[in-house]
Amino acid sequence: MPQSPPELARLQRSLREILTAPQGVRAAVRERPGTLRWIADVPPVDSATRLSVYGDGYFLRLLEALTSDFPAVKRALGEYGFRVLSADYLLSNPSKSPTLADLGEAFPRFVSAHPLSRRYRFLADLSRVERDVMTRLFESRLPALDPQTIAKIRAEDWPRVRLILDPTVLLLKVAWPVERLWRRRELPPNAGDRTIRRPGAQWLLIFRDETWVRVADISRPEWDALRQIKNGARLGRVFTRASKSLGNTHAAEVQRWLSSWVGGGLIKGIECPGDRTPRRARSSSQVRRLRRAK
Amino acid sequence: MNQELGVGLGLRPVHYDHVLSRRPAVSWFEVISENYMGLRGGSSSGRPLEVLERVRRDYPVMLHGVSLSIGSADALNQDYLKRLKRLIRIIEPPLVSDHLCWTGVGGRNLHDLLPLPYTEAVVDHVAARLRRVQEYLGRRILVENVSSYLTYRHSEMKEWEFLSEIASRADCGILLDVNNIHVSAVNHGFSALDYINAIPVKRVGEMHLAGYSDEGGFLIDTHDHPVSDPVWDLYAAAIKRFGRVPTLIEWDDKIPSFGRLQQEAARAMEVSDAAVAA
């Protein structure tokens, strides 16, 4: 593979250092005036000002991307706090991907170790939820389950079936009750709580429906049941375990869960005992592959 | 080159619902390719691609990239090209384009369209990379002139000579951004008409129109205003030279109602009709 011109590599690396300097372009140019030798001086705008257009744009563009991906974290910290957190993050995690959707990939881990998390102890959980929302957005959904599939299951087979969840379903346990902060992410800062003072575990169900990603605060037994289903447990085993924690309310609660899972589009297939292939909807990519094969 | 396509609009998420539910009268849409490629390491592209596939059923969709970084000193990003090729296979766009610039180096991405020095060595470098990209994608692509705020002391030719030479050596098309020509002409003090008149007619496969911000005589390509009068005039001159090339209205910030975008597209058609009739 041909090499790039050496001068081009030197120029680009030099500009990259100046344009991404945390102290700003003008200060960076003062420290490394050699960079200006590349830039044509065309009055009335001096070279440092011309470089600053790109330098200012760099931080603002990435800040905007993080703001878009972590609105609840920003609401909790306020404009200034989020700016500080983002600047620190970008310094240690510069973008290495062509797509801005990847920019926040390491944000939750970074937040959990950041000094702001000592003051806002819920922050790591909140950023985790927001990143998971992002990953669910980019996960493909399977088509809706055909109601006939359910009708065809014989009553005696139900304990032995395995339910297939939509690939967007993600189960997350958090130590702080951050779901309500996520729900308020678009509200003005003074409309309702921005922070949480006391910890409290939440069992969250994150998934994408036809319009957007949903975050639901569900009960621990329901969360446990979904986790077992996701891990491939048969329905009988799932509900036997649920009955131990639910006691007398077991039947009604399980019926409510099933209704909500089917209605919410979480269930996308059913594996019946004796079936050679699971009864599940085909994804659009599967359909495309089949069409090409014909 | 696809002259029947007319004037298209940039499709942005704020208008997804409107487009899907109302199916408004628009000749075609253009999207930012990277927004439909999914996450790094992921095998799917989720809702954005689902929406795009639905839009694609009713409209031609062009793919316009911002991160090919064709002018970077780094090696071409094979993972990026693989993801772009997959997207092209799914969407089957009439036109695929990116920018004549560099967006990162040393494995880091600045997410900006940075100008290149206009030298023979860089012409060779970029043209060779474009040929490899086109060979890998199995199709011709278009490269767009970027708006710029600086130039380099060691440039050896004019920007339009640089663009034309690269297009010729790479045998690629040109996406001529008329607003970018105006912005750069004001910022660097050259004649926008000289630029237009130097571009080879047969290479121009698409044009872009957008609005800029005026920062005291220094123009910034913000895509957050209507197309300005000087750019409309330049567009008329471009249509006279290049004919009815497919033209896109870009509006990426402070995005107005869809109806306002359609008004801007209608004006582009009027300017185009008048230029052809003159």
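In what sense do E2(A) and E3(A) pair, and over how many bridges? I'll start there and work outwards. A reminder before the answer: this is a predicted model.

E2(A) and E3(A) pair in the antiparallel sense, and the pairing runs over 5 bridges. To find one of them on the screen, go to A:Lys173, whose bridge partner in E3(A) is A:Trp203.

Now the other neighbour of E3(A). Strand E3 of chain A, residues 202-208, also pairs with strand E4 of chain A, residues 213-218. That pairing is antiparallel as well, over 6 bridges. Here you can look for A:Leu204, which has A:Asp217 as its bridge partner in E4(A). E3(A) and E4(A) make a hairpin, with 4 residues between the two strands.

Put the pieces together and you have an open sheet of 3 strands in chain A, in the order E2-E3-E4, with antiparallel pairing. Strand E2 (170-174) and E4 of chain A are the edge strands, each pairing on one side only. From one strand to the next the twist averages 25°.

As general background, strands of a sheet pair through backbone hydrogen bonds, either parallel or antiparallel.

What lies across this sheet? H7(A) lies across E2, E3 and E4 of chain A. Its direction is about 175° to E2(A).

H7(A) brings us to the interface between the chains. In total, 41 residues of chain A are in contact with 40 residues of chain B. On the chain A side, the elements that give two or more residues are helix H1 (6-19), helix H3 (47-69) and helix H7 (123-137). Which of them gives the most? H3(A) does, with 9 residues. By class, the chain A side that touches chain B has 23 nonpolar, 10 polar and 8 charged residues.

Staying with chain A, the domain assignment gives domain 1 as 1-69 and domain 2 as 70-293. Their C-alpha centres lie 40 Å apart. Between them, 8 residues of domain 1 of chain A are in contact with 15 residues of domain 2 of chain A. On the domain 1 side, those residues divide into 5 nonpolar, 2 polar and 1 charged.

Next, chain B, beginning with its barrel. The barrel is closed, has 8 strands, and runs E1-E2-E3-E4-E7-E8-E9-E12 with parallel pairing. Neighbouring strands in this sheet are turned by 30° against each other on average, direction ignored. For one pair within the barrel, take strand E4 of chain B, residues 96-99, and strand E7 of chain B, residues 142-144, which pair in the parallel sense over 3 bridges. B:Asp98 has B:Val143 as its bridge partner in E7(B).

Last, a helix pair. Two packed helices are described by the angle between their axes and the distance between the axes. In chain B, helix H8 (residues 229-242) and helix H9 (residues 258-277) pack at an angle of about 50°, with their axes 8 Å apart. H8(B) and H9(B) are therefore oblique to each other. The crossing of H8(B) past H9(B) is right-handed. From H8(B), the contact residues are B:Trp232, B:Tyr235, B:Ala236, B:Ile239 and B:Lys240. From H9(B), they are B:Val271, B:Ser272, B:Ala274, B:Ala275 and B:Val276. By class, this contact has 8 nonpolar, 1 polar and 1 charged residues.

That is where I'll stop.

Technical notes
Residues numbered from 1 in each chain as written. Chains lettered and ligands numbered in written order. Predicted model: local features only at pLDDT ≥ 70, side-chain atom pairs only at ≥ 80, totals over all residues. Domains from an automatic or database assignment. Contact = placed C-beta atoms within 7 Å. Nonpolar A, V, L, I, M, F, W, Y, C, P; charged D, E, K, R; others polar. Axes fitted to C-alpha atoms, helices over the stretch in contact; angles between N-to-C directions. Parallel < 35°, antiparallel > 145°, perpendicular 65-115°, else oblique. Left-handed = near helix turned anticlockwise from the far one by under 90°. Pairing = 2+ DSSP bridges.
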